[in-house]
Amino acid sequence: MTIHALYSPYNLGNLTLNNRCVMAPLTRNRANVEREPVDMNVTYYEQRASAGLIIAEATQICPEGQGYISTPGIYSEGQIEGWKKITNAVHQKNGKICLQLWHVGRISHSELLPNNMAPQAPSAIRAKAKTFNSKGLVDVSEPKALEVEEIKSLTKKYVEAALNAKKAGFDMIEVHAANGYLIDQFLRDKTNHRTDQFGGSIENRARFLLEVIDEIIKVYPANLIGCRISPASTFNDIDDSDPQSLYSYVVSELGKRKIAYLHIIEGETGGPRDANPKVNFAELKKLFKSHGGMNIMTNNGYHKAMAESAIDNNEADLIAFGVPFLANPDLVNRLENNYPLNKPDQKTFYGGTEKGYTDYPFYSS
């Protein structure tokens with residue numbers, strides 16, 4: 001029997017993946033008070049090592065980049081050691097794992113930040129959004145606009161985070177430029193009202209992202225770097241007046257850098273796939289590849305038939321699954337063999353114990 005390409009080995013950069021099913025980054029809020037991964041995080045990722053590639057949960061590059069309670073970092077020795085246990089466990093299961101580098105920007109609350117500082121943002125525009133801190137669900141705080149020197153310092157923080165990811169044993173890294181977080185805030189004209197070299201024109205608004213990519217290429221080769229974008233999403237009070245022109249430039253520039261993959265959220269993050277008719281995803285994918293980009297990873301509500309069809313029709317090279325991987329540690333086996341899927345328990349998505357985290361059963365006939 002022929003094995004469908006979705007479940008067959010695939011070369012990504014200089015990595016050989018066991019299949020093309022990617023575990024999407026999923027925030028689970030289960031780090032300790034030092035923002036370090038703990039033993040149950042090791043179990044969670046080890047259980048899901050049959051994914052072709054695991055993209056570990058969004059991980060803040062510095063203390064100022066945190067936006068939610070109990071999310072992990074990659075800036076301290078304790079965090080590096082915690083992640084090292086995870087990468088070792090995944091590698092022992094013959095899996096591959098990527099770290100997503102994250103700075104939330106304005107989507108934060110002062111309680112979560114050093115010295116109760118204001119969140120950092122391209123412009124001092126407060127988001128109509130909420131976050132979780134020790135008091136529960138709260139409005140985000142008023143942000144402070146970054147100075148140019150602070151932006152350049154943050155680029156260095158991304159480099160330090162990439163170096164730490166390498167120390168921790170990650171096979172590759174992904175830059176989070178989606179979902180209304182800091183890099184996305186620079187990209188979009190709703191949130192970036194700057195008049196210096198980081199604002200105004202599309203080229204200026206994309207400068208921060210591209211400088212981050214250019215610098216971390218010195219740590220990981222381009223063919224081991226991915227970038228996540230969400231051109232149609234308004235998640236976290238984000239938007240742009242001309243997303244097609246903006247992202248046509250962004251993906252072309254990312255393609256020129258020959259990065260491993262472009263991770264595209266199609267439609268609204270966690271919502272409808274046809275959310276913004278102004279965005280032509282097929283065109284963006286084509287532009288990325290025609291400028292030298294290597295692979296397209298797509299994401300948003302994929303099920304088995306959709307995923308197989310996208311691979312068959314060359315609409316994607318890799319498919320990222322989120323919630324299905326959360327509830328099904330053996331998702332690849334279940335999809336390939338048409339086994340039923342576990343139902344996710346939404347009450348346990350964010351924070352908590354092993355319940356709804358490491359206790360989902362593997363399929364047993």
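**Exercise 1. The two sides of helix 8**

Task: In this predicted model, determine which residues of helix 8 are exposed and which are buried, and establish what covers the buried ones.

Solution. Begin with the exposed side of helix 8, where Ala282, Lys286 and Ser290 are found. Exposed here requires a relative accessible area over 50%, whereas buried requires one under 20%. Next, list the residues of helix 8, which spans residues 281–290, that meet the second criterion: they are Phe281, Leu284, Lys285, Leu287 and Phe288. These buried residues lie on the same side of helix 8, because the arc they cover around the axis is only 160°. The last step is to look for what lies over them, and the cover includes helix 7 (243–256), strand 12 (261–265) and strand 13 (295–299).

**Exercise 2. The ends of helix 8**

Task: Identify which residue caps the N-terminal end of helix 8, and state the sign of phi at the glycine that follows the helix.

Solution. At the N-terminal end, the cap is asparagine 280, which places a side-chain oxygen 3.2 Å from the backbone nitrogen of alanine 282. Beyond the helix comes glycine 292, and its phi is positive, with a value near 115°.

**Exercise 3. Positive phi outside glycine**

Task: Examine asparagine 29 and lysine 258, giving the phi value and the location of each.

Solution. The background to this exercise is that most residues other than glycine have a negative phi. Asparagine 29 has a positive phi, near 55°, and belongs to the loop that runs between strand 3 (21–23) and helix 1 (39–47). Its relative accessible area is 10%, so asparagine 29 is buried. Lysine 258, which likewise is not a glycine, has a positive phi of about 55°, and its place is the loop between helix 7 and strand 12.

**Exercise 4. Two buried residues in one loop**

Task: For threonine 191 and asparagine 192, decide whether each is buried or exposed, and describe the contacts and polar pairs that each makes.

Solution. Locate the residues before turning to their surroundings: threonine 191 lies in the loop between helix 4 and helix 5, and asparagine 192 is placed in the loop between helix 4 (182–187) and helix 5 (202–205).

Then consider accessibility. Threonine 191 has a relative accessible area of 2% and is therefore buried, while asparagine 192, with a relative accessible area of 4%, is also buried.

For threonine 191, once neighbours within four places in sequence are left aside, the contacts are Arg106, Pro122, Ser123, Ile125, Asp184, Gln185, Asp237 and Ile238. A polar atom of the threonine 191 side chain lies 3.3 Å from the backbone oxygen of arginine 188.

For asparagine 192, not counting residues up to four places away in sequence, the residues touched are Pro122, Ser123, Gln185, Phe186, Phe198, Gly199 and Arg205. The side chain of asparagine 192 has a polar atom 2.8 Å from the backbone oxygen of phenylalanine 186, and a polar atom of this side chain lies 2.8 Å from the backbone oxygen of phenylalanine 198.

**Exercise 5. The largest pocket and the largest cavity**

Task: Give the volume of the largest pocket and of the largest cavity, and describe the lining of each.

Solution. Take the pocket first. The largest pocket has a volume of about 940 Å³, and among the 37 residues of its lining, those closest to its centre are Pro25, Leu26, Asn179, Thr269 and Tyr350. Two or more lining residues come from each of strand 5 (97–102), strand 7 (130–133), strand 14 (318–321) and helix 10 (323–327). Sorted by class, the pocket lining comprises 19 nonpolar, 15 polar and three charged residues.

Now turn to the enclosed space. One cavity of 30 Å³ or more is present in the structure, and the largest cavity contains about 50 Å³. Its lining is formed by Arg28, Arg30, Ala31, Pro37, Asn41, Glu57, Pro72, Trp83, Ile86 and Tyr357. By class, this cavity lining has six nonpolar residues, one polar and three charged.

**Exercise 6. The buried residues of helix 6**

Task: Find which residues of helix 6 are buried, and name the elements that help to cover them.

Solution. Within helix 6, which runs through residues 207–216, the buried residues are Phe208, Leu209, Leu210, Val212, Ile213 and Ile216. Their cover includes helix 3 (148–167), strand 10 (172–176), helix 4, helix 5, strand 11 (225–229) and helix 7.

Key:
Residues are numbered from 1 along each chain as its sequence is written. This is a predicted model: local features need pLDDT of at least 70, side-chain atom pairs count only at pLDDT 80 or more; totals for chains, interfaces and linings use all residues. Side-chain values use heavy atoms; hydrogens and water are left out. Buried means under 20% relative accessible area, exposed over 50%, partly exposed in between (1.4 Å probe, protein chains only). Helices (H or I, at least four residues) and strands (E, at least two) are DSSP runs, numbered from the N terminus. The arc is that of the directions from the helix axis to the C-beta atoms. Contact means heavy atoms within 4.5 Å. A polar contact is a pair of N or O atoms within 3.5 Å; within protein, one must be able to donate a hydrogen and the other to accept it, and residues adjacent in sequence count only if both atoms are side-chain atoms. On a 1 Å grid over the protein atoms alone, a cavity is a set of points where a 1.4 Å probe fits but cannot get out, and a pocket is an open set with protein on both sides within 12 Å along at least five of seven lines; lining residues have an atom within 4 Å of a point. Grid points are joined across faces, edges and corners, and a volume is the space filled by probe spheres set on the points. Ala, Val, Leu, Ile, Met, Phe, Trp, Tyr, Cys and Pro count as nonpolar, Asp, Glu, Lys and Arg as charged, and the others, Gly among them, as polar.
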